[in-house]
Amino acid sequence: MTHPNVPVATAEPPQSSNTLLGIGLMALGFLFFSLTDATAKYLTEDFSAFQIAWFRQFGLLSVALWFLARRGLPVLRTRRPVLQVLRGSAAAMSATGFIFAVSYVPLTDAVAVSFVAPFAVTILAAVVLRETVGIRRWTAVTIGFIGTLIVIRPGLGLFHPAIFVVLGAACLFAARQIMSRLLGPVDQTVTTIIYTAISSVALLTIPMLFIWQTPTSFQQVFLIVLLACTAGTGEVLIIRALELAEAATLAPLQYTMIIWSTGLSWLIFSQLPDGWTLLGAAIIMASGIYTLHRERLKARQRKP
């Protein structure tokens, strides 16, 4: 999935009414991101993954420019400019990789495999941030990996090699999350969003000089506008949700994308996941939710 730019929340615990609203907005945000993914898959019939990702990131850029207009140039101040650009570059490559993959594999399969991202975050946190990872979280990572193998089923001739590009995109998303943790204490969330948008669009503009294909029909223009609008709307909804509720409470809602993606795959592409894909997805989701739960407990222990 073309993952949203979910920041690490540090706000005080919200009121219950705000939490419920935040949950609703988060679920709606992931519906919009599922629409973005489905539209991107449809556009792969006519455009390269780089150009579709470029169109998509313009949706994020519109949100970033809106924030910049509201808060002014001071919001561009960052103490880690190189890390900000690296995060934006990872966002561009992650989106491009996922879009390339869904041109070959069913959307539901790609979304299910992309759910390995929380496990990759756990591994990178242990290696890069030197965080202590207990036996329970390592067990969840192992079980999640087993769920991924069930979805992919290597050696049975039932998968396309492009599914491994989804794994790469998920790892890049995990790297973005680790960079978010490093940026959280020194930069504002809105600053990170703006730099991610600008740097990702700038990076994707380079191949556009060589592979640009001008839309030739009203349908193509409509779908491109829809892609950017759903991506931008999803970003706004998730940002607002994180202002109303704790990130740890909202994070499991990312798994609603398997519901939205399955429905859209059936409606648009006449594709439905088989029983093995659903079983693997269920295992990945259960392990991921448990991992997020352990992350939440660990975050509470770190609070003074």
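These legends go with a few close-up views of a predicted model.

**View 1. The whole chain is built from helices.** Count along the chain and you'll find twelve helices and zero strands. Starting at the N terminus, every element in the run is an α. Of the 304 residues, 52% count as buried. Contacts reach far along the sequence, too: among those with a separation of 6 or more, 90% join residues 24 or more positions apart. As for the outside, the chain exposes about 14,000 Å², and carbon and sulfur atoms supply 69% of that area.

**View 2. Thr148 sits in helix H6.** Helix H6 covers residues 135-152. Thr148 has a relative accessibility of 4%, and buried means under 20%, so Thr148 counts as buried. Leaving aside residues up to four places away in sequence, Thr148 touches Val113, Val116, Leu167 and Ile284.

**View 3. Trp54 and Phe58 form an aromatic pair.** The structure holds eleven aromatic pairs. In this one, the ring centres of Trp54 and Phe58 are 4.8 Å apart and the planes meet at 75°, so the pair is edge-to-face. Both residues belong to helix H2 (residues 49-71), where being four residues apart separates them by about one helical turn. Trp54 is buried, with 15% relative accessible area, while Phe58 is partly exposed at 35%.

**View 4. Ring pairs build a cluster.** Zoom out from that pair and you'll see Phe47, Trp54, Phe55, Phe58 and Trp212 linked together by ring pairs.

**View 5. Lys41 meets a ring face.** Here Lys41 lies over the face of Phe269, 5.3 Å from the ring centre.

Technical notes:
Residues are numbered from 1 along each chain as its sequence is written. This is a predicted model: local features need pLDDT of at least 70, side-chain atom pairs count only at pLDDT 80 or more; totals for chains, interfaces and linings use all residues. Side-chain values use heavy atoms; hydrogens and water are left out. Helices (H or I, at least four residues) and strands (E, at least two) are DSSP runs, numbered from the N terminus. Buried means under 20% relative accessible area, exposed over 50%, partly exposed in between (1.4 Å probe, protein chains only). Contact means heavy atoms within 4.5 Å. Accessible areas come from the Shrake-Rupley method with a 1.4 Å probe; for residues, only the protein chains shown count as cover. Rings of Phe, Tyr and Trp (its six-membered ring) pair if their centres lie within 6.5 Å; planes under 30 degrees apart count as stacked, over 60 as edge-to-face and the rest as tilted. A charge sits over a ring if NZ of Lys or CZ of Arg is within 6 Å of the ring centre and within 35 degrees of the ring normal.
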